[in-house]
Amino acid sequence: MGSREIQSPEGGLETPTILNGNSDSIHRKKLGIYFFESDDRRTAFGRGYTGGTTPVNIHGKPIADLSKTGGWIAAFFIFGNEMAERMAYFGLSVNMVAYMFYVMHRPFSSSSNAVNTFLGISQASSVLGGFLADAYLGRYWTIAIFTTIYLVGLIGITLCATMSIFTPNQDHCDQISLLLGLCEPAKRWQMTYLYTVLYVTAFGAAGIRPCVSSFGADQFDERSKDYKSLLDRFFNFFYLSVTIGAILAFTAVVYIQIKHGWGSAFGSLAIAMGISNLVFFIGTPLYRHRLPGGSPLTRVAQVLVAAFRKRNASFSSSELVGLYEVPGTQSAIRGSGKIAHTDDFRCLDKAALQLKEDGPNQSPWRLCTVTQVEEVKILLKLIPIPACTIMLSVILTEYLTLSVQQAYTLNTHMGHLKLPVTCMPVFPGLSVFLLLSLYYSTFVPLSRRITGHPHGASQLQRIGIGLLVSILSVGWAGIFERYRRNYAIKHEYEAIFLTPMPNLSAYWLLIQYCLIGIAEVFCIVGSLEFLYEEAPDAMKSIGSAYAALAGGLGCFVASILNSIIKSVTGNPGKMQPSWLSQNINTGKFDYFYWLLTVLSVINFFAFLYLAQRYKYRDNHNFEMGKQDVNNKKKPSQLVAK
């Protein structure tokens with residue numbers, strides 16, 4: 001087989017970088033060595049693949065007429081699946097705590113932790129779904145399999161709420177008995193069954209959460225001049241569908257529960273998921289697919305092992321031939337285009353070092369392509385950004401339980417209409433819905449004048465705005481909770497914490513709800529778009545899974561934080577209640593909110609530092625293009641062998 005060497009420019013390349021809308025030329029040092037391209041390892045992962053952006057049909061064949069597939073019509077079939085999943089997710093999160101307390105006779109604290117664990121598993125397990133989608137199944141089949149598992153879990157929960165055999169005896173169990181813990185507790189096997197079907201449902205989300213947004217984005221043509229704008233609008237509409245699902249969970253499902261009972265409420269979630277599955281499968285002929293690129297974890301492991309094996313090799317060694325890459329514009333990784341070399345994580349470059357002692361057909365566990373190494377670099381560089389959104393997930397998780405406890409002590413009447421306490425979390429959803437509706441007509445034009453950015457704000461700027469607004473939300477929550485608790489003590493409601501105070505409206509909670517809704521729009525939508533665009537071609541689902549993983553870790557952090565606060569601040573021997581006492585009027589929820597505020601401020605400044613140092617991949621693409629031009633202009637640098 002023939003081979004050739006492409007010399008990396010000795011003097012460095014001038015590449016424009018965009019910072020805050022300004023373009024500056026900077027010099028970046030390049031390896032003054034040769035990039036070695038060989039035909040011998042063209043089949044390192046099967047064969048060479050172009051671009052990684054060529055869509056195929058469900059059978060893996062190229063689509064002859066793209067105009068008949070993809071686009072907004074296909075995306076709307078996909079939206080329904082996410083809407084139903086989020087309807088079930090929020091429907092269970094807001095109702096399951098009350099179900100465990102009132103029906104299964106579990107204390108609020110253990111019920112909250114169980115639900116937090118459910119929320120955490122449903123999001124953290126997204127890494128598994130993303131891996132399977134990118135490695136073996138593809139996004140379509142991953143969604144199809146896991147959405148069926150999700151439906152099975154919902155049916156199991158419905159049976160638990162419908163059949164009396166799965167619940168403890170409800171006789172002689174009034175509100176006083178509940179408060180005093182005198183009701184018959186659920187048997188161990190009954191709780192085991194409930195936890196099993198609950199966590200099966202959570203596991204079903206593993207293949208939905210990371211794949212639906214990526215699969216929807218796959219329906220748009222990357223070669224279109226309007227691709228960036230379409231993608232921006234897609235992720236906003238995607239989150240709008242998430243919001244509609246949440247609103248339905250906090251209104252329609254709560255109404256069904258009040259009027260027709262728990263079985264009907266959970267059954268409505270199962271029916272909605274069943275309908276969405278049917279709609280998703282009906283849209284199958286319209287979908288554009290991406291070929292799975294093989295195991296991304298294997299490729300990551302190969303880079304780490306190869307770099308470790310050559311850890312003592314020097315970039316200036318006389319034994320050095322160059323950095324290894326397959327020739328032309330093709331990539332050795334299925335479903336991926338070539339990625340230009342960067343100077344980050346230089347230690348990993350050793351995995352691609354071609355030494356004279358290396359034969360022509362070296363194992364990928366000893367010699368990796370530049371593209372494979374750059375994939376690992378990108379995954380590492382992406383980690384800090386979604387990690388900074390964990391704190392927002394902690395706040396959202398705490399609101400789902402703590403703010404409901406607050407609402408139980410407040411007057412929820414709106415004129416002559418009394419809203420159920422479990423309906424209160426609908427207001428963040430309404431604020432999200434309103435903001436997304438006005439986003440392009442109001443926010444984008446105004447912010448464009450300030451930032452000069454065509455979309456109003458960059459993805460990282462939007463994440464930063466969301467984190468900042470979340471600080472305002474949790475800060476206000478602390479202020480209002482202090483006022484609410486003092487009011488309860490002053491008016492002798494300290495002991496009766498499930499009795500609403502008629503002269504203190506629950507609608508003061510709307511301020512923190514609306515602020516956290518605004519934070520969600522900017523932070524989570526910006527994060528989804530950022531991760532999809534920045535992730536390597538063959539790891540889009542893994543990139544999207546980062547966002548879900550951050551959400552899941554936020555749920556686990558919330559549970560761990562709650563346990564620490566209870567153990568540190570409470571002293572049962574001295575009859576000293578913890579900050580998170582079941583009796584909210586004797587607890588110190590305001591102190592807890594202030595703690596979250598301090599942690600959020602620290603997290604925000606950490607994000608500012610990391611975001612300022614991050615470089616978008618667009619610069620690398622430009623640089624590769626410029627290098628190609630330079631190579632064409634300087635044929636003397638091409639040395640045939």
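This passage describes salt bridges, a nonpolar surface patch and one helix in a predicted model.

The salt bridges come to 17 in number. One of them pairs Asp134 with Arg139, and the closest N and O atoms of this pair lie 3.3 Å apart. Both Asp134 and Arg139 are buried.

A salt bridge also joins Arg290 to Asp218, with 3.8 Å between the closest N and O atoms. This pair connects distant parts of the chain, its members being 72 residues apart. Arg290 belongs to the loop between α8 (262-282) and α9 (296-309), whereas Asp218 belongs to the loop between α6 (209-217) and α7 (227-260). The relative accessible area of Arg290 is 15%, so this residue is classed as buried, the limit for that class being under 20%. Asp218 has a relative accessibility of 1% and therefore counts as buried.

A further salt bridge is formed by Arg462 and Asp232, whose closest N and O atoms are separated by 3.3 Å. Here too distant parts of the chain are linked: Arg462 is located in helix α14 (residues 459-490) and Asp232 in helix α7, at a separation of 230 residues. Arg462 is buried because its relative accessible area is 3%. Asp232, at 1% relative accessibility, is likewise buried. Elsewhere, Glu82, Glu85, Arg86 and Arg209 are joined into one network by salt bridges that share partners.

On the surface, a nonpolar patch is made up of Ile155, Leu159, Met163, Ile165 and Trp189. Together these residues contribute about 460 Å² of accessible area. Trp189 is part of helix α5, which covers residues 188-204. The relative accessibility of Trp189 is 41%, so the residue is assigned to the partly exposed class. This class lies between the limits of under 20% for buried and over 50% for exposed residues. The value for Trp189 of 41% also meets the requirement of over 30% relative accessible area for membership of a patch.

Helix α15 comprises 26 residues, from 509 to 534. The expected span is 38 Å, because each residue is taken to add 1.5 Å and the number of residues less one is used in the product. The C-alpha atoms at the two ends of α15 are 37 Å apart, and this distance therefore agrees with the expected span. Helix α15 is mostly covered, with 20 of its 26 residues buried.

Key: Residues are numbered from 1 along each chain as its sequence is written. This is a predicted model: local features need pLDDT of at least 70, side-chain atom pairs count only at pLDDT 80 or more; totals for chains, interfaces and linings use all residues. Side-chain values use heavy atoms; hydrogens and water are left out. Patches are made of residues with over 30% relative accessible area and no salt bridge: like charges are joined within 9 Å, nonpolar side chains (Val, Leu, Ile, Met, Phe, Trp, Tyr) within 5 Å. Accessible areas come from the Shrake-Rupley method with a 1.4 Å probe; for residues, only the protein chains shown count as cover. A salt bridge is a side-chain nitrogen of Lys or Arg within 4 Å of a carboxyl oxygen of Asp or Glu. Helices (H or I, at least four residues) and strands (E, at least two) are DSSP runs, numbered from the N terminus. Buried means under 20% relative accessible area, exposed over 50%, partly exposed in between (1.4 Å probe, protein chains only).
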